[in-house]
Amino acid sequence: MSAEQSIQFPHVNGTAPSSFSSSVSTAQPYQRCLVMAGGGFRFGYYLGIYAACQERGKKPDVILASCGAAIAGTIIHHLPDNATRLAWLTSPEMHHFWRGLQANPQKSLLKAIGGVARRALLANDVKRIPDLFNDYLFDIPAVLPLPERMEDTDAPDLAIVAGRLLFSPSEVGQLRAGRKLYEETIFSGQRVAGLLNGMKSPIGSRHYGHSAVSEALAVDTQTPVADAVRASIADMFYFQCHPIGSHYYMGGVLDLFPIEIARKLGREVIMERKGGYNRFIDVPAIRLVLGIDGNRRLQHVLTQSADYWIDTADMETALVKHQISKQLFWLRNRLSLKVPERHEDFVEMIHLQWRYGYQKAIAAFDAGKMR
């Protein structure tokens, strides 16, 4: 499996990205749905999970992806084999892309720390409309380095999770007063749309009484894949919300563990058993934006039925070598992303992620189907 070859990025210069490929209008469920939930900058491990699925005869017919995993899902969807996918992810162009990301020039280190402290101290359900337009840490280009879809690929269909903002920039700071602020949106092809017809958003249900998410579940079959991915990675306070047409979208963190949607799509579901949210940083942020307790949501997900659970709860400690992380510069009052400087270290980082995902998935399949 060669990861050293150079691959050009046809979309970096803004050429038209592909659309979702599924044109099947029937509402017949897929045989198997693989949920790719988040992963942050470590999303390379999903390529290893997918390779394990293929090896053990558990290849999914559809991938349901959110946040960083939307990048991995698109690479799988667009490229024909594991070697080409890994080569794309470890290419010098991809390394250059991540090295080029910059901090928001309007967000100093002290402002960023102050924002985390305020959210931790308030730690309440969303009372005012949050500023997802300007309050973010890192700038990321509107056009991501995604490959063109190869027509002869036998990859699964793809569905991507994001959230449409139901408010405008002029309404930021106003009292919420019980108003719903987001509409969960699934970007997909027609077959997924047919299967989800009439379904309500799990995050908008009465189970989460203070949720700022509408009960409606929207399915968008017209948006290009590249825009859907860019919307899905726009996690609050990390990246700026993403405009598509006349609307703005926040990230797939809105429904990071969409097990209910996966059960609608596939007869079998392969899901991760993730570790909990950081209660000082992540939990307050989710409550202030979405009005729900992220760890309570995770626990509710873990009580539900999946056919295979892939245990990635130790990911934070298992994947620390050459990782992409935040870097603090106290004297300059700035923060930045720390990305491995040498390309060979970047390649090693991705390979570590790949092996981690592969080994975790193999262990899950060896343990057998959950009863």
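This report walks through a predicted model of one protein chain, from its overall make-up to a few of its helices and residues.

**Getting oriented**

Residues are numbered from 1 along each chain as its sequence is written, and side-chain values use heavy atoms, with hydrogens and water left out. Because the model is predicted, local features need pLDDT of at least 70 and side-chain atom pairs count only at pLDDT 80 or more, while totals for chains, interfaces and linings use all residues.

The chain holds 12 helices and 14 strands; these are DSSP runs numbered from the N terminus, with helices being H or I of at least four residues and strands being E of at least two. Of its 371 residues, 56% are buried, where buried means under 20% relative accessible area, exposed over 50%, and partly exposed in between, with a 1.4 Å probe and protein chains only. Contact here means heavy atoms within 4.5 Å. Among contacts in the chain with a separation of 6 or more, 82% are between residues 24 or more positions apart.

**The nonpolar core**

A nonpolar core is a set of buried Ala, Val, Leu, Ile, Met, Phe, Trp, Tyr and Cys residues joined through side-chain atoms within 4.5 Å. The largest one has 114 residues, and W98, Y182 and M250 touch the most other members. Helix α12 (residues 343–367) gives this core its largest share, 9 residues.

**Two covered helices**

Helix α2 (residues 69–78) is mostly covered, with 10 of its 10 residues buried. Its partner in one packing is helix α7 (residues 225–232): the two axes are 9 Å apart, at an angle of about 160°. Axes are lines fitted to C-alpha atoms, for helices over the stretch in contact, and angles run from 0 to 180 degrees between N-to-C directions. That angle makes α2 roughly antiparallel to α7, a label for angles over 145 degrees; those under 35 count as roughly parallel, 65 to 115 as roughly perpendicular and the rest as oblique. On the α2 side the contact uses A70, I71, T74 and H78, and on the α7 side V225, V229 and S232.

Helix α3 (residues 82–89) is largely enclosed by the rest of the structure, because 6 of its 8 residues are buried. They are N82, R85, L86, A87, W88 and L89, and they pack against α1 (45–55), α2, α4 (92–99) and α12. At the N-terminal end of α3, D81 acts as a cap.

**T185 and D220**

T185 sits in strand β6 (residues 182–187), and D220 belongs to strand β7 (residues 213–220). T185 is buried, with a relative accessible area of 2%; D220 is buried too, at 18%. Leaving aside residues up to four places away in sequence, T185 touches I160, V161, A162, G163, R164, A218, D220 and Y249. By the same rule, D220 is in contact with T185, I186, F187, S188 and Y249. D220 and I160 are 60 residues apart along the chain, and their C-alpha atoms are separated by 9.7 Å.

The table gathers three polar atom pairs. A polar contact is a pair of N or O atoms within 3.5 Å; within protein, one must be able to donate a hydrogen and the other to accept it, and residues adjacent in sequence count only if both atoms are side-chain atoms.

| One partner | Other partner | Distance |
|---|---|---|
| T185 side chain | E183 backbone oxygen | 3.0 Å |
| D81 side-chain oxygen | A83 backbone nitrogen | 3.2 Å |
| D220 side chain | T223 side chain | 2.9 Å |
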